[in-house]
Amino acid sequence: MRIELRVCKHCFEGEHENEHKTAVTRDLVACARVVREYKDLIDLDDVHVRMVSEDEGDDGRPAALPAVAATIQNEQVVVSDTQLITMGENGYMLVYPNPQDALKVLAGNIDEISKVLDEEVSPELSPESAEILAGGPDGAVEEDADMYP
Ligand SMILES: [Zn+2]
């Protein structure tokens, strides 16, 4: 399987003033880098991290897996800056256009790696991402008092 994570470079660097998105974007990248480091352990062929920038000279092209999610906003095509794409041996591509789902897929890979290694390799995650992985803000999470001092 091959994986490509696509994120907004400006969110990653905190320039888009969306703290929640910045936290999750950084975690997505941190998770993808761990998965890339250990990819051979879980039979991944390739892991790409593509940071999309608004600078001139970045045409938004994917790094390896040629699919980009888009939405229509005000009758304009808006290309998604955050997505995860996987391509399996069968040649099918799966596009995960929600950061939440992308995070869950990467966290699943990290769990697998941790099992193979018999060692926890997950990066330190933000409270925002921890909440997503715990099932979202709908009360499914038992609040840890230490997390919100
Ligand atoms: Zn951004």
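**Exercise 1. A helix on the sheet**

Task: In this predicted model, find which strands helix α2 lies across, and give the angle at which α2 runs to β1.

Solution.
Step 1. Locate the elements: helix α2 covers residues 19-37 and strand β1 covers residues 2-8.
Step 2. Helix α2 lies across β1 and β2.
Step 3. The angle between α2 and β1 is about 155°. Angles over 145 degrees count as roughly antiparallel, so α2 runs roughly antiparallel to β1.

**Exercise 2. The order of the sheet**

Task: Determine the order of the strands in the open sheet and name its edge strands.

Solution.
Step 1. Begin with the pairing of β1 and β2, which is parallel and has 7 bridges. One bridge joins Arg6 to Arg50 in β2.
Step 2. Strand β1 also pairs with β5, here in the antiparallel sense over 5 bridges. Ile3 has Thr86 of β5 as its bridge partner.
Step 3. Strand β5, residues 83-87, pairs with β6 in the antiparallel sense over 4 bridges. Thr86 stands opposite Leu94 in β6, and Ile85 stands opposite Val95 in β6.
Step 4. Put the pairs together: the 4 strands form an open sheet in the order β2-β1-β5-β6, with mixed pairing. The edge strands, each paired on one side only, are β2 (46-52) and β6 (93-96). From one strand to the next, the twist averages 15°.

As background, strands of a sheet pair through backbone hydrogen bonds, either parallel or antiparallel.

**Exercise 3. The surroundings of β1**

Task: Decide whether strand β1 is largely enclosed or open, using the number of its residues that are buried.

Solution.
Step 1. A residue counts as buried if 20 or more other C-beta atoms lie within 10 Å of its own.
Step 2. Of the 7 residues of β1, 6 are buried.
Step 3. Strand β1 is therefore largely enclosed by the rest of the structure.

**Exercise 4. The nonpolar core**

Task: Describe the largest nonpolar core and state which element gives the most to it.

Solution.
Step 1. The largest nonpolar core has 24 residues. Leu28, Cys31, Val35, Leu103 and Leu106 have the most contacts inside this core.
Step 2. At least two residues of the core come from each of β1, α2, β2, β5 and α3.
Step 3. Helix α3 gives the most, with 7 residues.
Step 4. Take Leu106 as an example: leaving out residues up to four places away in sequence, Leu106 touches Leu28, Cys31, Ala32 and Val35.

**Exercise 5. Two packed helices**

Task: Describe how α3 and α4 pack, and sort the residues of their contact into nonpolar, polar and charged.

Solution.
Step 1. Two packed helices are described by the angle between their axes and the distance between the axes.
Step 2. Helix α3 (residues 99-117) packs against helix α4 (residues 127-134) at about 80°, and their axes are 10 Å apart. Because of this angle, α3 is roughly perpendicular to α4.
Step 3. On the α3 side, the contact uses Gln100, Leu103, Lys104 and Ala107. On the α4 side, Ser129, Ile132 and Leu133 take part.
Step 4. Sorting these residues gives 4 nonpolar, 2 polar and 1 charged.

**Exercise 6. Residues in loops**

Task: For Asn74, Glu75, Asn90 and Val121, state the loop and the degree of exposure.

Solution.
Step 1. Asn74 is in the loop between β3 (70-73) and β4 (76-79). Asn74 is exposed, because 5 other C-beta atoms lie within 10 Å. Its phi is near 50°, a positive value in a residue other than glycine.
Step 2. Glu75 lies in the loop between β3 and β4. Glu75 has 5 C-beta neighbours inside 10 Å and so counts as exposed. The phi of Glu75 is also positive, about 60°, although Glu75 is not a glycine.
Step 3. Asn90 is in the loop between β5 and β6. With 7 C-beta neighbours inside 10 Å, Asn90 counts as exposed. In the hairpin of β5 and β6, which has 5 residues between the strands, Gly91 takes a positive phi near 85°.
Step 4. Val121 is in the loop between α3 and α4. Val121 has 15 C-beta neighbours inside 10 Å and counts as partly exposed. Leaving out residues up to four places away in sequence, Val121 touches Val34, Tyr38, Ile110, Ile113 and Ser114.

Definitions and conventions:
Residues numbered from 1 in each chain as written. Predicted model: local features only at pLDDT ≥ 70, side-chain atom pairs only at ≥ 80, totals over all residues. Pairing = 2+ DSSP bridges. Axes fitted to C-alpha atoms, helices over the stretch in contact; angles between N-to-C directions. Contact = placed C-beta atoms within 7 Å. Parallel < 35°, antiparallel > 145°, perpendicular 65-115°, else oblique. Nonpolar A, V, L, I, M, F, W, Y, C, P; charged D, E, K, R; others polar. Buried ≥ 20, exposed ≤ 12 C-beta atoms within 10 Å, placed from the backbone. Core = buried A, V, L, I, M, F, W, Y, C linked by C-beta atoms within 7 Å.
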